[in-house]
Amino acid sequence: MTDAPYSRDWLRRMVQESLFQPRAAGEELLARPLPREALWIWLALLSVLNGILYSLTLPGEAEMGLVLPAFVQSPITLSVFVAVVMVLMTWFFTMSGRMLGGRGDFAALLQVTCWLQSLRLAFQLVVMALALLSPGLAGILAFVGGIWGLYVLANFLTAAHRFENAMKAIAVMILGVLGVAFAMTFLMTLFGVGPSGS
């Protein structure tokens, strides 16, 4: 790529490569590291934006018993929840990758996490807009996007840990998800958060 890093043209190309050449995109992203302070600001911004988005979309699901009511009381609660999940996911991706011989550090994995979460947020907004016109088509797009997102994530993890192939990255994904699920269950139990929202 010849565009200046993080310029509009660079970001446009990165989005395209992330979707269709994700490993190359991951390598390009990690070749343009951001200061840790910038990464934490990026994570905080994503947490707030996701908190606002979820506060608009989750109340209806809570009424059907699909999510914990305590999580939809305010955008602040949701923002903190998203931030905790992102940090935990980054840490588990880092540590599980290292266990499997990867060389990615926390800063690199945090940059990958923030980038992919940014793409996910944009995708969610597209699905929400499409749902106003065709809920069925939006559902199909969400399903396909979710599956494709796993492929993209595996390739970014491969690039971040410098694995030879994506097989170890898939193991990192599984360990990361299991680790976050266990950690969140422990934290919710510790703070007395249950399905009733008590």
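## Close-ups of a seven-helix chain

With a relative accessibility of 28%, Tyr-6 counts as partly exposed, because that value falls between the 20% limit for buried and the 50% limit for exposed. Everything in these panels comes from a predicted model.

**View 1. Tyr-6, a residue with a positive phi ahead of helix H1.** Look for Tyr-6 in the segment before H1, the helix that covers 8-20. Its phi is positive, at about 70°, even though Tyr-6 is not a glycine. As background, most residues other than glycine have a negative phi. Tyr-6 also turns up among the contacts of Leu-29, the residue shown in View 3.

**View 2. The whole chain, for orientation.** Zoom out for a moment and the protein chain shows seven helices and zero strands. Reading along the sequence, you get α-α-α-α-α-α-α. The chain has 198 residues, and 37% of them count as buried. Take the contacts in the chain with a separation of 6 or more: 67% of those are made by residues 24 or more positions apart.

**View 3. Leu-29, a buried residue of helix H2.** Leu-29 belongs to H2, which spans residues 22-30. How accessible is Leu-29? Its relative accessibility is 0%, so it counts as buried. Setting aside neighbours within four places in sequence, Leu-29 is in contact with Tyr-6, Trp-10, Met-14, Gln-111, Val-112, Trp-115 and Phe-156. Pro-5 is worth a glance here too: it sits 24 residues from Leu-29 in sequence, with 8.9 Å between the two C-alpha atoms.

**View 4. Trp-115 and its surroundings in the predicted model.** Here we move to helix H5 (residues 106-133), where Trp-115 has its place. The relative accessible area of Trp-115 is 5%, so this tryptophan is buried. Which residues does Trp-115 touch, not counting those up to four places away in sequence? The list runs Leu-11, Met-14, Val-15, Ser-18, Leu-29, Trp-42 and Phe-156. Met-14 and Phe-156 may look familiar, as Leu-29 is in contact with them too. For another distance to check, the C-alpha atoms of Trp-115 and Leu-46 are separated by 9.8 Å, while along the chain the two are 69 residues apart.

**View 5. Helix H4 crossing helix H5.** The axes of H4 and H5 come within 9 Å, with a crossing angle of roughly 130°. That angle falls between the ranges for roughly perpendicular (65 to 115 degrees) and roughly antiparallel (over 145), so H4 and H5 are oblique to each other. The crossing is right-handed. On the H4 side, the residues that meet H5 are Met-86, Val-87, Thr-90, Trp-91, Phe-93 and Thr-94. Their partners in H5 are Phe-106, Leu-109, Leu-110, Thr-113, Cys-114 and Gln-117. Sorted by type, this contact of H4 with H5 has eight nonpolar residues, four polar ones and no charged ones.

**View 6. Ser-96, buried in helix H4.** Staying with H4 (residues 75-99), go to Ser-96. Ser-96 has 5% relative accessibility and therefore counts as buried. Where does the side chain of Ser-96 reach? It gets to the backbone oxygen of Phe-92, at 2.5 Å. Leaving out neighbours within four places in sequence, Ser-96 is in contact with Val-172 and Leu-175.

**View 7. Helices H6 and H7 where they cross.** H6 covers residues 135-161 and H7 covers residues 167-190. Their axes come within 8 Å and cross at roughly 110°, and the two helices are therefore roughly perpendicular to each other. H6 passes H7 in a right-handed crossing. From H6, the contact uses Leu-150, Leu-153, Ala-154, Leu-157 and Thr-158. H7 brings Ala-169, Ile-170, Val-172 and Met-173. What kinds of residue make up the contact of H6 with H7? Eight are nonpolar, one is polar and none is charged. Val-172 is also a contact of Ser-96 from View 6.

**View 8. Arg-162 in the loop between H6 and H7.** Finish in the loop that lies between H6 and H7, where you'll find Arg-162. Its phi is near 60°, a positive value in a residue other than glycine. Is Arg-162 buried or exposed? At 54% relative accessibility, Arg-162 counts as exposed.

Notes:
Residues numbered from 1 in each chain as written. Predicted model: local features only at pLDDT ≥ 70, side-chain atom pairs only at ≥ 80, totals over all residues. Heavy atoms only, no water. Axes fitted to C-alpha atoms, helices over the stretch in contact; angles between N-to-C directions. Helix = DSSP H or I, 4+ residues; strand = E, 2+ residues; numbered from the N terminus. Parallel < 35°, antiparallel > 145°, perpendicular 65-115°, else oblique. Left-handed = near helix turned anticlockwise from the far one by under 90°. Contact = heavy atoms within 4.5 Å. Nonpolar A, V, L, I, M, F, W, Y, C, P; charged D, E, K, R; others polar. Buried < 20%, exposed > 50% of the residue type's maximum accessible area, 1.4 Å probe, protein only. Polar contact = N/O pair within 3.5 Å; in protein donor to acceptor, adjacent residues only side chain to side chain.
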